[in-house]
Each structure stands twice: as C-alpha cells, then as structure tokens.
Amino acid sequence: DPFWNHVENLPDIPDTLIERLSHYFRTYKMQPGDRTEASIESVYHRQHAWEVIRSSLEDYREKWGE
C-alpha cells in the first residue's frame, strides 16, 4: 500500500491520523447518550508494540498451549 510504504515507526505517522485513531478506540463502543470514554494513556513505538504482542502470545501459550 503506497500510503504505508514509508512508515517504520510512530514518528512516520501523521499526528492527525494518530489523533483520529485514538478517538476511534476511545469511543467506538459508546452507546448514544454515553459521556464516558475509554482512556489511552500512551501511544507506543513499534518495538514496544512487538514486545507486548510477544508477551501476550507467551501468556496465551502458557494458559492454553500451542
């Protein structure tokens, strides 16, 4: 996808897109009339995201096996 060809890490993504994605994930489960949003404490770089994914896979395998 030509839009993502240059993206290697968080600084390569436009701030506006990060803000839109953050808004989406804070509000996508809200019902009409709700005023409570989820919170996003931080936006992490690629390396940290991979570490979280690896860790969650290890946790899954420990609990459920391969």
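Is Leu 21 buried, partly exposed or exposed? Its relative accessibility is 40%, so Leu 21 counts as partly exposed. Keep in mind throughout that this is a predicted model.

**Figure 1. A nonpolar patch that takes in Leu 21.** Six residues make this one up: Leu 21, Tyr 24, Phe 25, Tyr 28, Ile 40 and Val 43. Together they form a nonpolar surface patch of about 570 Å². Leu 21 itself sits in helix α1. Two of the patch tyrosines come with accessibility values as well: Tyr 24 is partly exposed at 44% relative accessible area, and Tyr 28 also counts as partly exposed, at 44%.

**Figure 2. Rings of Tyr 24, Phe 25 and Tyr 28.** Here we stay with the aromatic members of the patch. Ring pairs join Tyr 24, Phe 25 and Tyr 28 into a cluster. How are aromatic pairs described in general? The distance of the ring centres and the angle of the planes do the job. The structure has four aromatic pairs. One of them brings together Phe 3 and Trp 4, edge-to-face, with 4.7 Å from centre to centre and 85 degrees between the planes. For Tyr 24 and Tyr 28, the centres lie 5.1 Å apart and the planes make an angle of 20 degrees, so this pair is stacked. The cut-off at work here is that planes under 30 degrees apart count as stacked.

**Figure 3. Phe 3 and Trp 4, an edge-to-face pair.** Now for a view of the Phe 3 and Trp 4 side chains. Phe 3 has 43% relative accessibility and so counts as partly exposed. Trp 4, at 39%, is partly exposed too. Their planes are 85 degrees apart, and anything over 60 goes down as edge-to-face.

**Figure 4. Helix α1 and its buried face.** This helix runs over residues 15–27, which makes 13 residues. At 1.5 Å a residue it should span 18 Å, and its end C-alpha atoms are indeed 18 Å apart. Which residues of α1 are buried? They are Ile 18, Ser 22 and Thr 27. Looking down the axis of α1, you find its buried residues within an arc of 145 degrees, so they line one face of the helix. As background, an α-helix has 3.6 residues a turn, so residues three or four places apart point the same way.

**Figure 5. Ile 18 and Thr 27, with their partners from further along the chain.** Ile 18 belongs to helix α1 and, at 17% relative accessibility, counts as buried. Its C-alpha lies 8.5 Å from that of Val 43, although 25 residues separate Ile 18 and Val 43 in sequence. Thr 27 is in helix α1 as well, and it is buried with a relative accessible area of 18%. Between the C-alpha atoms of Thr 27 and Ala 38 there are 6.7 Å, with the two residues eleven apart along the chain.

**Figure 6. Salt bridges that connect separate parts of the chain.** Side chains of opposite charge can pair when their charged atoms come close. Three salt bridges are present in the structure. In one of them Glu 8 meets Arg 46, with 3.2 Å between the closest N and O atoms. This pair links distant parts of the chain, 38 residues apart: Glu 8 is in the segment before α1, and Arg 46 is in helix α2. Glu 8 counts as exposed at 51% relative accessibility, whereas Arg 46 is partly exposed at 42%. Another salt bridge joins the side chains of Arg 26 and Glu 37, at 3.0 Å from N to O. Arg 26 is in helix α1 and Glu 37 in the loop between α1 and α2, so the pair ties together parts that are eleven residues apart in sequence. Arg 26 is partly exposed at 25% relative accessibility, and Glu 37 is partly exposed at 40%.

**Figure 7. Helix α2 and the residues just after it.** With 19 residues, α2 reaches 27 Å from its first C-alpha to its last, close to the 27 Å expected at 1.5 Å a residue. Just after α2 comes Gly 65, which has a positive phi of about 85 degrees. Here too is a salt bridge, between the side chains of Glu 66 and Arg 61, at 3.5 Å from N to O. Glu 66 is exposed at 84% relative accessibility, while Arg 61, at 41%, counts as partly exposed.

Methods: Residues are numbered from 1 along each chain as its sequence is written. This is a predicted model: local features need pLDDT of at least 70, side-chain atom pairs count only at pLDDT 80 or more; totals for chains, interfaces and linings use all residues. Side-chain values use heavy atoms; hydrogens and water are left out. Rings of Phe, Tyr and Trp (its six-membered ring) pair if their centres lie within 6.5 Å; planes under 30 degrees apart count as stacked, over 60 as edge-to-face and the rest as tilted. Buried means under 20% relative accessible area, exposed over 50%, partly exposed in between (1.4 Å probe, protein chains only). Helices (H or I, at least four residues) and strands (E, at least two) are DSSP runs, numbered from the N terminus. The expected span of a helix is 1.5 Å times one less than its number of residues. The arc is that of the directions from the helix axis to the C-beta atoms. Patches are made of residues with over 30% relative accessible area and no salt bridge: like charges are joined within 9 Å, nonpolar side chains (Val, Leu, Ile, Met, Phe, Trp, Tyr) within 5 Å. Accessible areas come from the Shrake-Rupley method with a 1.4 Å probe; for residues, only the protein chains shown count as cover. A salt bridge is a side-chain nitrogen of Lys or Arg within 4 Å of a carboxyl oxygen of Asp or Glu.
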